[in-house]
Amino acid sequence: MQALLLGRIHILGVATPLLYVYLALLFPRGYSRWLQTLLCFIMGLVVDIFENTPGLATTTMTLVGFIQPLVLELFLKKEDDANLRPAINTMGWMKYSTYAFILITVYCLVFFSLEAFTAAWWQEWIIAVGGSLALTLVIILIIDSARR
């Protein structure tokens, strides 16, 4: 879906919905970290193949898959279920929104930094990061709210 449809959407020429990041947000608390990182690597590789972005999505999804358990632990209590799946209905609106915001921000910052690979176009970089972050976060929150 990302490669065939969403990758072609560029609102105001810069904001692209990066919905595949949502899959990295869904890994439950007790999930194997190495397997999670490997699955995110594979997801990124598939996106890179179809979107012709050599290594950008792979690198960034691998990073997000690696740090997701660390970020998730910031919003959970020790007594919470060991297999808790991150969602609005399990974490609450504010915690989940903040959790998603942090991981999507990391993704957008790294992805667009690697894509630009220069500081010469910093204004476009800021607009691309901010626009894609906002659009992706809104779409993910809408989808997760509807998932209840």
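F111 and F112 are both buried in this predicted model. Their ring centres lie 5.2 Å apart with the planes at 85 degrees, so the two rings meet edge-to-face. That pair also belongs to a bigger group: Y20, Y107, F111 and F112 make up one aromatic cluster.

Counting through the whole model, there are six aromatic pairs. Another of them joins F75 and Y99, whose ring centres are 6.4 Å apart and whose planes stand at 75 degrees, so this one is edge-to-face too. What does the F75 and Y99 pair tie together? F75 sits in the loop between α3 (56-73) and α4 (88-91), while Y99 is in helix α5 (residues 93-116), so the pair links parts that are 24 residues apart in sequence. Neither ring is out in the open: F75 is buried at 14% relative accessible area, and Y99 is buried at 0%.

There's a charge over a ring as well. The charged end of R33 sits over the ring of F66, 4.0 Å from the ring centre.

Stepping back, the protein chain has six helices and zero strands, so reading from the N terminus the elements simply go α-α-α-α-α-α. The chain has 148 residues, and 45% of them count as buried. If you take contacts between residues at least 6 apart in sequence, 69% of them join residues at least 24 apart.

Now for the α5 and α6 packing. The axes of α5 and helix α6 (residues 122-146) come within 9 Å and cross at roughly 145 degrees. The crossing of α5 past α6 is right-handed. On the α5 side, the residues that meet α6 include W93, Y96, S97, A100, F101, I104 and F112. On the α6 side, the partners include W125, A128, V129, S132, L133, I140 and D144. By class, this contact has 16 nonpolar, six polar and one charged residues.

Two residues give a closer look at that contact, one from each helix. V129 is placed in helix α6 and is buried at 8% relative accessible area. Leaving aside neighbours within four places in sequence, V129 is in contact with C108, L109 and F112. V129 and T105 are 24 residues apart along the chain, yet their C-alpha atoms are separated by 7.8 Å. From the other helix comes S97, which has its place in α5. Is S97 buried or exposed? S97 is buried, with a relative accessible area of 11%. With neighbours within four places in sequence set aside, S97 is in contact with L137 and L141.

Near the start of the numbering, Y22 is found in helix α1 (residues 21-25). Y22 is buried, at 8% relative accessible area. Which residues does Y22 touch, leaving aside neighbours within four places in sequence? Y22 is in contact with Y96, I140, I143, D144 and R147. Y22 and I139 are 117 residues apart in sequence, but their C-alpha atoms are 9.4 Å apart in space.

Helix α2 (residues 33-51) holds Q36, and F41 has its place in α2 too. Q36 counts as buried, at 1% relative accessibility, whereas F41 counts as partly exposed at 35%. Why does F41 not count as buried? Buried means under 20% relative accessible area, and F41 has 35%, so F41 lands in the partly exposed class. Not counting residues up to four places away in sequence, Q36 touches F27, Y31, G65, Q68 and P69. On the same terms, F41 is in contact with T58 and T62. F41 and T62 are 21 residues apart in sequence, with 4.7 Å between their C-alpha atoms.

Here are the C-alpha distances for three of the residues discussed above.

| Residue pair | Separation in sequence | C-alpha to C-alpha distance |
|---|---|---|
| Y22 and I139 | 117 residues | 9.4 Å |
| V129 and T105 | 24 residues | 7.8 Å |
| F41 and T62 | 21 residues | 4.7 Å |

One last link back to the opening: F112, a partner of F111 in an edge-to-face pair, is also one of the α5 residues that meet α6, and V129 is in contact with F112.

Methods:
Residues numbered from 1 in each chain as written. Predicted model: local features only at pLDDT ≥ 70, side-chain atom pairs only at ≥ 80, totals over all residues. Heavy atoms only, no water. Phe/Tyr/Trp six-rings, centres within 6.5 Å; stacked < 30°, edge-to-face > 60°. Helix = DSSP H or I, 4+ residues; strand = E, 2+ residues; numbered from the N terminus. Buried < 20%, exposed > 50% of the residue type's maximum accessible area, 1.4 Å probe, protein only. Lys NZ or Arg CZ within 6 Å of the ring centre and 35° of its normal. Axes fitted to C-alpha atoms, helices over the stretch in contact; angles between N-to-C directions. Left-handed = near helix turned anticlockwise from the far one by under 90°. Contact = heavy atoms within 4.5 Å. Nonpolar A, V, L, I, M, F, W, Y, C, P; charged D, E, K, R; others polar.
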